[in-house]
Structure formats: structure tokens, C-alpha cells
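Please open the model in your viewer and keep the sequence beside it, since this tour moves from one selection to the next.

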Amino acid sequence: RVTAIGARLANVANKTVIPATYGTENRTPYTYRFHIVDDKDVNAFALPGGWLYVNKGLLDYVQSDDELAGVLAHEVIHAAHHHILKLQKEQDKLNTQLAIGAIAAIFAKVPVADTGNLITGLQLVALQKVNGYSQQAERDADGAGFELTRLAGFNPVGALTFMERLARDQRNRPEVDLGIFRTHPPEKQRVASLKSKL
């Protein structure tokens, strides 16, 4: 099921330029490979080069092929728009800036405790920036994934019903403000964005 739905999406992604708001829309045809992970969490993820993984928990959670297509399209877009490569480049820039700050503190003979505090502060700023970029990648994967789902002949409402259920189930859990540790936009924002696309 995952491979069949994924192949339809991958075929369109390899032939069609889908506009990107993050990463790049330069088409790189991949041989997309879909794998199941024996994990009960509701999750899926993509690695560079078209390697996509779907947890068993997600397969139990989706209620239709259209919902599964919405999730898989989201992950295909992460690969197609080279999100991980872009995020790695941003991380590398921040690491360079962090190293420069640390070296400058050492040359300026800043006390060790103050240098440690400076490095910790710079690391937190870098984390906030990288997670901000990660949220941009997620928004792009949601929007472009919606379009990919539609172009592959699936009902894009599936992406919305999946996200609405995820948001509802998140509301039933204790509220935790992730602050700079948030890697995904809040589900209610993602639902609103999908509704606007419909």
C-alpha cells in the first residue's frame, strides 16, 4: 500500500516542478524508496536521495489512502525540495559563526566562565534559527505536498482530515510550549493553511 501510493506521488514529483517556498524546486529525479519502521509512534520521515520511512503507528492512524497520500506527499516534498541539504547548509553557517565567536572570546582572553556562557548563548541562538528554518521546511512540505497529492490524483482533503485529527489528539495531551525547540508549526496553524488551500 505504501509503495503503491508512494510510487504515484514519486512519479509526479520526478516529472513536475512544484513551486518551493523553502529549499529548491530544481528537479532531481530520485528512485524513491519507501520503508516501514516497526514503531508505534505516528510519524514518517524522509532522508536525502528519496529514502522515505513510515512508522507502523502512522499506518494504524490514517483512515484512508488519501490521508496516507497526504503524509507521503509531504515527505516526498522534503526530498524533492532538498530540505535536509538546505537545513544542513544553514547549520554549517551557524556552526562557523559559533566557532568564530568562541575563537574571538579566547583571543580576547574572556574569562572561561564567561566564554562558556557566550558559547551556550550562541548555541541557543543557533538552535532557534535552525528550528525556524525547519518550520519553514515543514510549511513548504505541507503546501507543496498538498499540490503533489492533487496532481497525483488523490483527494487533498485527506491531508486536512489527517492534520485535523492530529491537532485534536494533540489538544487532549498536556500543553507544552516548546519555544525555540519547536521544529514544526503548531497543528492548528497547519490545519488553517490547508483549509485556505482548499
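Begin by colouring the chain by secondary structure and following it from the N terminus, where the elements run α-β-β-β-α-α-α-α-α-α. Along the way you will pass seven helices and three strands. Please keep in mind throughout that this is a predicted model, so it helps to colour it next by pLDDT, which is the predictor's confidence in each residue. The protein averages a pLDDT of 85, and 87% of the residues score at least 70. Helix 1, with a mean of 97, is where confidence is highest, whereas helix 5, with a mean of 79, is where confidence is lowest.

Before selecting single residues, switch on the surface and look at the protein as a whole. About 11,000 Å² is exposed, and carbon and sulfur atoms supply 55% of that area. Of the 198 residues, 41% are buried. If you look at contacts between residues at least 6 apart in sequence, 68% of them join residues at least 24 apart.

**First stop: a nonpolar patch and its aromatic neighbour**

With the surface still on, select Phe 45, Leu 47, Trp 51 and Ile 84, which together make a nonpolar surface patch of about 310 Å². Now keep Phe 45 alone and switch back to the ribbon, where you will find Phe 45 in strand 2, a strand that covers residues 44-47. Is Phe 45 buried, exposed or partly exposed? Its relative accessible area is 34%, and because buried means under 20% and exposed means over 50%, Phe 45 counts as partly exposed.

Stay here and show the aromatic rings, since a search of the whole structure finds three aromatic pairs. Among them is the edge-to-face pair of Tyr 30 and Tyr 32, whose rings lie 5.7 Å apart centre to centre, with 90° between the planes. Both Tyr 30 and Tyr 32 are buried. Another of the pairs brings you back to Phe 45, which is stacked with Tyr 53 at 5.1 Å centre to centre and 15° between the planes. Rotate the view until you can see each pair from the side, because a pair of aromatic rings is described by the distance of the centres and the angle of the planes.

**Second stop: the salt bridges**

Next, show the charged side chains, among which the structure holds nine salt bridges. Select Arg 1 and Asp 65, whose side chains meet in a salt bridge with 2.8 Å from N to O. This pair links distant parts of the chain, for Arg 1 belongs to the segment before helix 1 while Asp 65 is in helix 3 (residues 65-80), and the two are 64 residues apart. Asp 65 itself is partly exposed, with a relative accessible area of 39%.

Then move to helix 4 (residues 83-107), where Glu 90 and Lys 93 are three residues apart and therefore separated by about one helical turn. Glu 90 forms a salt bridge with Lys 93, and the closest N and O atoms are 3.7 Å apart. Glu 90 is buried, with a relative accessible area of 9%.

The next pair to select is Asp 142 and Arg 190, whose side chains meet in a salt bridge with 2.7 Å from N to O. Here too distant parts of the chain are linked, since Asp 142 is in helix 5 (residues 112-151) and Arg 190 is in helix 7 (residues 187-197), 48 residues apart. Asp 142 counts as buried at 12% relative accessibility, and Arg 190 also counts as buried, at 8%. Add Lys 86 to your earlier selection of Glu 90 and Lys 93, and you will have one network, joined by salt bridges that share partners.

**Last stop: two threonines**

Select Thr 149, which is placed in helix 5. Thr 149 is buried, with a relative accessible area of 1%. What is Thr 149 in contact with, leaving aside its neighbours within four places in sequence? The residues to select are Leu 9, Ala 69, Gly 70, Ala 73, Phe 154, Asn 155 and Pro 156.

Finally, go to Thr 161 in helix 6 (residues 157-171). Thr 161 is partly exposed, with a relative accessible area of 28%. Draw a line from its C-alpha atom to that of Ser 64: these atoms are separated by 9.7 Å, while the two residues are 97 residues apart along the chain.

Technical notes:
Residues are numbered from 1 along each chain as its sequence is written. This is a predicted model: local features need pLDDT of at least 70, side-chain atom pairs count only at pLDDT 80 or more; totals for chains, interfaces and linings use all residues. Side-chain values use heavy atoms; hydrogens and water are left out. Patches are made of residues with over 30% relative accessible area and no salt bridge: like charges are joined within 9 Å, nonpolar side chains (Val, Leu, Ile, Met, Phe, Trp, Tyr) within 5 Å. Accessible areas come from the Shrake-Rupley method with a 1.4 Å probe; for residues, only the protein chains shown count as cover. A salt bridge is a side-chain nitrogen of Lys or Arg within 4 Å of a carboxyl oxygen of Asp or Glu. Helices (H or I, at least four residues) and strands (E, at least two) are DSSP runs, numbered from the N terminus. Buried means under 20% relative accessible area, exposed over 50%, partly exposed in between (1.4 Å probe, protein chains only). pLDDT is the predictor's confidence in each residue, from 0 to 100. Contact means heavy atoms within 4.5 Å. Rings of Phe, Tyr and Trp (its six-membered ring) pair if their centres lie within 6.5 Å; planes under 30 degrees apart count as stacked, over 60 as edge-to-face and the rest as tilted.
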